[in-house]
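Student: I would like a close look at one part of this protein, with the surroundings filled in afterwards. Please keep to what can be read from the coordinates.

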Amino acid sequence: MTTSYEPAPPYHEDVSPGSGALPPRAWYASSDAARLSLNGTWRLRLSPTADAEDDAFARPGFDTGGWDEVAVPGHWVLQGHGAPAYTNTLYPFPVDPPRVPTENPTGDHVRVFDLPDGWPGDGEALLRFEGVESCARVWLNGEELGEFKGSRLPHEFAVGALLKPAGNVLAVRVHQWSSGSYLEDQDQWWLPGIFRDVTLLHRPDGAAGDFFVHAAYDHRSGQGTLRVDSAVPGRVLVPELGVDAATGEPVTVPVRPWTAETPELYAAELVTAGERVPLRIGFRSVYVEDGVIKVNGRRILFRGVNRHEFHPEHGRAVDADTMRADLLLMKRHNINAVRTSHYPPHPAFLDLCDELGFWVIDECDLETHGFVDLGWRRNPVDDERWTPALLDRAARMVERDKNHPSVLMWSLGNECGTGAGLTAMAEWIRERDPDRLVHYEGDLSCADTDVYSRMYADHAEVELIGRREDPGPEARRALPFILCEYAHAMGNGPGGLADYQRLFETYERCQGGFVWEWIDHGFTHPELGCAYGGDFGEELHDGNFVCDGLVFPDRTPSPGLVEYKKVVEPVRIEGDGPGGTVRVTNLHDFADLSHLAFVWSYEVDGRTVADGALAAGPDVAGLPPGASAELKLPAPSTSGEHAETQWTVRALLAEDTAWAPKGHCVAWGQLPVDTPPAPPAPAGAAPHRGERLITLGPASFDARTGALRTVGAVDVADLRLDVWRAPTDNDLGAPWQPDDRIGLRWRELGLHRTHERLDAVDLTGDGLVVRTRVAPAATDLGLLTTYTWTASEDRLRLTVSVVPDGEWNVPLPRLGIRFGLPAAYGEARWFGGGPGEAYPDTRAASMLGLWSASVDELHTPYVRPQENGARADVRRLRLDGGATALEVTGEPPFWFSARRWTSEELDAATHRTDLVPGDTVWVHLDHAQHGIGSQSCGPGVLPRYRLEAAPARFSFTFSSRSE
Ligand code: GAL
């Protein structure tokens with residue numbers, strides 16, 4: 001007979017949140033209490049399994065001399081030990097909760113420290129971990145303190161009795177995998193380690209304990225009501241308000257309210273017998289009224305982003321300067337809200353949000369997305385054995401972050417399906433903090449939430465929701481609506497932002513959204529330039545789906561961020577150009593416009609001929625939110641005859657702010673005045689056929705094929721119709737998208753391998769006509785293309801006429817010509833849209849002007865190379881090659897791009913370093929481009945931005961210049 005005996009699971013595999021840690025409390029620091037940072041160099045021994053080594057290493061005297069070193073905060077996998085791994089939803093181990101694999105990289109960390117001179121002998125001392133992934137067991141001086149899970153949550157242990165003046169041995173065993181990993185299946189890199197600060201905190205006798213600042217604002221009376229509930233009684237002092245009150249006692253006084261636009265913080269102190277804790281108090285109230293989220297009595301609009309913590313070298317160990325840099329960059333791009341996807345951020349981040357002014361959705365460290373593929377079987381949020389762990393996570397978030405005015409909503413987590421565990425969390429949170437809203441996206445019934453939140457709903461559905469005509473539970477229709485994720489910023493894009501914004505501004509219920517996401521999580525890599533999923537030999541991975549941010553990994557803004565800034569600008573500038581009237585609309589939720597100065601310029605063919613300050617006056621400065629004012633522009637100093645003229649009006653910061661200097665441009669608008677008729681087309685030159693060449697005006701052509709060879713002194717190669725673009729991530733779409741994945745259809749059809757059949761080369765009295773049929777193999781679809789060349793003595797005109805042949809039911813990627821110039825043609829100057837990239841549905845930020853850039857600068861370095869760099873609305877282009885230049889005008893205006901590789905090479909590249917300049921500059925002059933959309937996770941291109949195959953005709957006029 002055999003008996004089977006199953007031992008109790010080891011601590012890292014049991015469902016409990018851990019043991020030994022103190023109850024969670026508010027995060028604060030006071031100068032009365034000593035603190036010792038234990039960040040720095042620690043000793044590290046990595047084992048392949050959780051139990052490969054015993055715990056002897058935790059004992060004082062153990063010799064770690066032969067061990068490696070690791071920086072704390074940090075992840076060992078980014079410091080030469082193992083490698084990071086990326087999956088979106090898939091658990092990278094067999095799903096058998098709460099069990100994890102035997103292969104479980106385990107890092108034993110040791111740090112020996114002395115107490116600094118003068119470390120107080122009284123009171124208590126706490127050892128605090130701000131974040132350890134995913135499970136830690138802790139010893140101090142050989143005594144075991146406990147163990148915990150909850151990677152992005154704080155844990156504290158009482159250690160006063162164990163401390164020695166010198167030679168304290170802190171030992172921490174960290175397991176990469178634990179039962180907690182099942183609760184942390186967020187779409188990001190798996191990065192084990194002690195990745196946030198470790199600190200020893202002195203707690204003097206009579207120190208403050210936990211406390212809860214309640215600071216409400218009544219917009220009707222202009223009064224704030226403050227009550228600080230404190231575990232340790234004391235007094236609350238707010239000198240500026242003359243407040244000196246006992247803890248627990250409410251005080252009502254007139255105050256300036258806190259909002260994301262006006263982040264008024266009052267310096268205050270909580271004074272207990274043994275400690276003075278500095279506080280920064282922001283008075284504000286958030287609630288749902290009439291189906292709308294209101295702060296201080298007003299509807300707010302989220303212009304938000306989802307922010308993961310990421311650094312291209314340090315992973316989720318993000319330093320204070322980087323946190324601040326993120327927020328400054330957001331403010332400068334008119335972003336007013338952050339969802340801390342998908343876990344509470346480093347606590348210091350929320351201090352910065354209070355200070356700089358952001359609305360925050362603070363999200364719990366909880367995601368069980370990998371269960372979706374199992375039909376949500378065994379989902380921990382639907383299994384009561386896990387509820388204590390879920391409640392522990394909720395409490396650690398709420399208790400730590402409850403004193404931040406910036407936090408408006410608690411989010412239960414992300415993509416966990418549904419279950420009683422979530423309800424338990426929501427109930428606990430409401431009980432503990434009835435003054436904030438509860439958010440969760442994954443339960444369409446909205447049973448536990450105060451807002452209806454969705455991700456990636458398309459424009460049509462958002463419109464329906466806005467009208468409160470969406471199907472679904474009646475109760476849900478009464479709730480406010482937000483898109484907690486939208487506009488998937490993967491690679492080139494997202495498209496359609498302006499169209500969403502219009503909905504948010506039209507429907508009261510639609511209170512904005514949070515672009516997915518802030519930053520590309522690409523790691524700096526010596527060979528690949530920038531690495532993503534699969535670059536570390538992962539068994540399962542999701543490729544570059546981890547690079548879907550508005551900023552590149554080094555935090556350089558991508559064109560998507562520039563577009564977002566324009567789309568969400570808090571002042572709209574429009575008007576009547578010919579009439580010389582500009583209308584300014586204040587789109588802030590609280591602020592007037594007194595912080596802005598308005599300037600105008602008048603441009604003739606893109607050149608500024610006059611500019612000045614707009615005498616806006618008190619009407620504009622005091623313009624309340626939602627109101628508009630009309631202003632007269634000065635009379636233009638130039639008539640603008642035969643030139644294109646326009647006003648550009650900008651709203652600039654009138655003074656330095658905490659987030660940008662005086663003069664920073666917040667919003668702008670352009671008002672066209674006059675568009676001249678097109679100049680007469682070049683004509684008059686007759687073609688001449690030579691033995692090898694045909695000449696026409698300034699140009700020569702191959703006599704047999706009709707191919708353009710030269711324009712003046714400029715050599716031109718391979719000019720032809722081009723409809724291909726290296727598919728963007730949004731063109732390709734996500735694997736789970738059932739409908740119209742356009743990039744795949746393009747490739748199926750073979751648009752990347754079209755051939756041109758030459759049908760005729762005809763000389764006419766005034767030019768040359770070349771007829772071709774452009775088509776890929778194995779289909780009867782084609783594009784009948786006629787190139788008609790005419791010229792004057794020094795100008796050459798090409799008219800391209802395209803007629804689709806056959807039943808095209810696929811839109812075209814682009815429609816235009818491409819040709820090669822020698823590598824020397826490396827500088828571009830144009831009158832058109834700029835300075836950055838634009839596509840049909842990402843062109844709000846494209847400003848009409850005179851711009852210049854080198855060909856290298858025209859390229860947008862998406863982490864996975866793809867179509868990029870088009871400039872919109874180009875009227876005139878000059879490509880300089882040193883002694884000679886090629887000039888092009890377009891009728892109508894065109895899209896221009898130039899690069900040192902072909903679209904085919906761009907398409908083949910998988911990493912930045914695959915792109916190697918050749919000896920040709922490839923120039924694209926496009927009549928049209930297909931939109932970008934957001935289908936790498938969200939909806940595709942809106943019908944109005946699709947480039948349907950249809951007859952088209954467009955012209956370019958070329959000339960050359962020699963120095
Ligand atoms: C959402 C998810 C995010 C991210 C995004 C796609 O479903 O909440 O974490 O995966 O899709 O990038």
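Which strands and helices do the buried residues of H7 pack against?

Tutor: This is a predicted model, and the answer should be read with that in mind. Helix H7 covers residues 497–506, and its buried residues are Leu497, Asp499, Tyr500, Gln501, Leu503 and Phe504. These residues pack against two helices and three strands: helix H5 (459–466) and helix H8 (559–567), along with strand E25 (298–299), strand E32 (481–486) and strand E33 (510–515). For reading such a list, an α-helix has 3.6 residues a turn, so residues three or four places apart point the same way.

The domain assignment helps to place this helix. It gives domain 1 (11–203), domain 2 (211–287), domain 3 (300–566), domain 4 (569–674) and domain 5 (697–962). The residue range given for domain 3, 300–566, takes in H7 at 497–506. The centres of domain 3 and domain 4, taken over C-alpha atoms, are 34 Å apart. Contact between these two domains involves 12 residues of domain 3 and 13 residues of domain 4.

Helix H2 (residues 347–356) can be described in the same terms. It is largely enclosed by the rest of the structure, because seven of its 10 residues are buried. The buried ones are Pro347, Phe349, Leu350, Leu352, Cys353, Asp354 and Leu356. Their packing partners include helix H1 (320–332) and helix H3 (387–401). Strands also take part, namely E22 (275–281), E27 (337–339), E28 (359–363) and E29 (407–411). Just after H2, Gly357 has a positive phi of about 100°.

The ligand is the next item. There are 13 residues around the ligand, and Asp187, His342, Glu415, Glu485 and His488 come nearest. By class, this shell divides into five nonpolar, four polar and four charged residues. Several side chains place a polar atom beside a ligand oxygen. For His488 the distance is 2.7 Å, for Asn414 it is 2.8 Å, and for Asp548 it is 2.9 Å. The ligand taken alone exposes 300 Å², of which the protein buries 95%. One of the nearest residues, Glu485, has a number inside the range of strand E32 (481–486), a packing partner of the buried residues of H7.

Strand E22, met above as a partner of H2, leads on to Ser285, which sits in the loop between E22 and strand E23 (286–289). Ser285 counts as buried because its relative accessibility is 13%. Its side chain reaches the backbone nitrogen of Tyr217 at 2.9 Å. Leaving aside neighbours within four places in sequence, Ser285 is in contact with Ala216, Tyr217, Lys294, Val295 and Asn296.

Further along the chain, a few single positions fill in the picture. Val711 lies in strand E46 (residues 708–711) and is buried, with a relative accessible area of 0%. Not counting residues up to four places away in sequence, Val711 touches Pro698, Ala699, Val716, Leu796, Leu886, Phe958, Ser959 and Ser960. Val711 and Val132 are 579 residues apart in sequence, and their C-alpha atoms are 65 Å apart in space.

Leu796 appears again around Thr790, a residue of strand E51 (residues 782–791). Thr790 has a relative accessible area of 17% and is buried. Beyond its neighbours within four places in sequence, Thr790 is in contact with Pro682, Leu696, Asp766, Arg795, Leu796 and Arg797.

Gly816 belongs to strand E53 (residues 814–822). Its relative accessible area is 0%, so Gly816 is buried. With neighbours within four places in sequence set aside, Gly816 is in contact with Arg720, Leu721, Asp722, Leu925, Asp926, His927 and Phe954. The C-alpha atoms of Gly816 and Trp895 are separated by 8.6 Å, while the two residues are 79 residues apart along the chain.

Finally, Ser846 is placed in the loop between strand E54 (827–834) and strand E55 (847–854). Ser846 counts as buried at 13% relative accessibility. Outside four places in sequence, its contacts are Trp668, Gly833, Gly834, Ala838 and Ala872. Ser846 and Gly579 lie 267 residues apart in sequence and 24 Å apart in space, C-alpha to C-alpha.

Technical notes
Residues numbered from 1 in each chain as written. Predicted model: local features only at pLDDT ≥ 70, side-chain atom pairs only at ≥ 80, totals over all residues. Heavy atoms only, no water. Helix = DSSP H or I, 4+ residues; strand = E, 2+ residues; numbered from the N terminus. Buried < 20%, exposed > 50% of the residue type's maximum accessible area, 1.4 Å probe, protein only. Contact = heavy atoms within 4.5 Å. Near = heavy atom within 4 Å. Polar contact = N/O pair within 3.5 Å; in protein donor to acceptor, adjacent residues only side chain to side chain. Areas by Shrake-Rupley, 256 points an atom, 1.4 Å probe, with all protein chains shown as cover. Nonpolar A, V, L, I, M, F, W, Y, C, P; charged D, E, K, R; others polar. Domains from an automatic or database assignment.
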